[in-house]
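Hi there,

I'm passing a structure on to you, and I hope you enjoy looking through it. Please open it first, and then read my notes beside it.

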Amino acid sequence: MFKHTFIGLAERRSCSAYRLPSTVHRSLFTVHLLLALAGWTNAAVAQTTGYPSKPIRLVLPYPPGGGSDTIVRPLAQRLSGEFGQQVVVDNRGGAGGAIGMEAAARAAPDGYTIVLALTAQLAVNVSLYKKLPYDPVRDYAPITLLATGPYLLVVHPSLPVRSVKELVALARARPGEITYASSGNGSGGHLAVELLKTMTGTKMLHIPYKGGGPALVDVLAGQVQVLFTTYASSRGHIQAGRLRVLGVSTAKRPAAIPDMTTIAEAGVPGYDSGVWYGMLAPAGTPRDVIEKLNREIVRVLKQPDFHKLLVDQAIDPIGSTPEQLGDFIRSEIAKWAKVVKDSGAKLD
């Protein structure tokens, strides 16, 4: 289109019998340019109104088997039904979630790659690591704050403690000897213990894993003694006596487990640490695609059976707007920057 416009103008300028003032030429060029841009815009809108027309990849920055799987897989299944296209979970564990987050950030911003990220990836890692291959604010377009939930402080039954106070006392008596597992450096479980150590003046040895699943396996085997984990992944093991729960990490007791004492109630006043789940897309994803993703995800969250599925796992469904998630991420970055600084934790 532009080629024909330029040729037409050139031919007119070369003809002595037909010359237009330069202002007219500029006006004609502007009209053609605006028409072309309007055509491109209409084409882009036509593309996104048919979204999705192929499967969507949902990146989870943890390996299979962790607590996040209990949320993301049922969600992907229901979204597949809503969209009429398969939503495929892509587990990308390692490096505190940085591998999966980088993969999502580098994906094409067309709505066919989204990522479910946790507190660690979106609020903690930016202060914990000297270098990150992604920026939690710059590199993503927020979709919705999916849900929030607590961690459970659990220990292997061989550890001779039955309360938070007894764990703190033993850690003080044996500094650096008690081991604790986490789903990786900078993960929510890692920082939950760091916060506990800072508030109680204790020392425990950190054993990081590539995800919550592998960490839980070694705690169940007695190779590591302490773990902050989700209710969904630990419930069966607690009921079977394979794990002993000492407390809930959030300030309030979740409705699903009202009999479990909070860590604050159990001897560490003011302790409050939980996990939250945010859904995002690569930065630059079209706004109408973000809005459609938000609508469908929030609709799934409101489905009675899915809502109950989360609540039964001590998870509180949220379903925020994209703007609310963006603001929340920035506020959480500031909050956890102080925790990381106070703990002295730093990673290369």
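Below is what I found, starting with a sheet and ending with some aromatic rings.

Please keep in mind that this is a predicted model.

The sheet is open and has five strands, in the order β7-β6-β8-β5-β9, with mixed pairing. Its edges are β7 (205–208) and β9 (244–248), each of which pairs on one side only. On average, neighbouring strands are turned by 30° against each other, direction ignored.

Within this sheet, β5 (residues 152–155) and β8 (residues 226–229) run antiparallel and are joined by four bridges. If you want a spot to zoom in on, Leu153 stands opposite Phe228 in β8. Helix α9 (residues 231–239) packs on the sheet as well, where it touches β5, β8 and β9, and its direction makes about 40° with that of β5. Another helix, α7 (residues 188–200), lies across β5, β6 (179–182), β7 and β8, and runs at about 145° to β6.

Now to the rings: there are six aromatic pairs. In one of them, the ring centres of Tyr151 and Phe228 are 6.4 Å apart and the planes are at 75°, so this pair is edge-to-face. Tyr151 belongs to the loop between β4 (140–150) and β5, while Phe228 is in strand β8, so the pair ties together parts 77 residues apart in sequence. Both Tyr151 and Phe228 are buried.

Elsewhere, ring pairs link Tyr51, Phe83 and Tyr112 into a cluster. Lys54 lies over the face of Tyr112, 4.7 Å from the ring centre.

Happy exploring, and best wishes!

Key:
Residues are numbered from 1 along each chain as its sequence is written. This is a predicted model: local features need pLDDT of at least 70, side-chain atom pairs count only at pLDDT 80 or more; totals for chains, interfaces and linings use all residues. Side-chain values use heavy atoms; hydrogens and water are left out. Two strands pair if DSSP finds at least two bridges between them. Helices (H or I, at least four residues) and strands (E, at least two) are DSSP runs, numbered from the N terminus. Axes are lines fitted to C-alpha atoms, for helices over the stretch in contact, and angles run from 0 to 180 degrees between N-to-C directions. Contact means heavy atoms within 4.5 Å. Rings of Phe, Tyr and Trp (its six-membered ring) pair if their centres lie within 6.5 Å; planes under 30 degrees apart count as stacked, over 60 as edge-to-face and the rest as tilted. Buried means under 20% relative accessible area, exposed over 50%, partly exposed in between (1.4 Å probe, protein chains only). A charge sits over a ring if NZ of Lys or CZ of Arg is within 6 Å of the ring centre and within 35 degrees of the ring normal.
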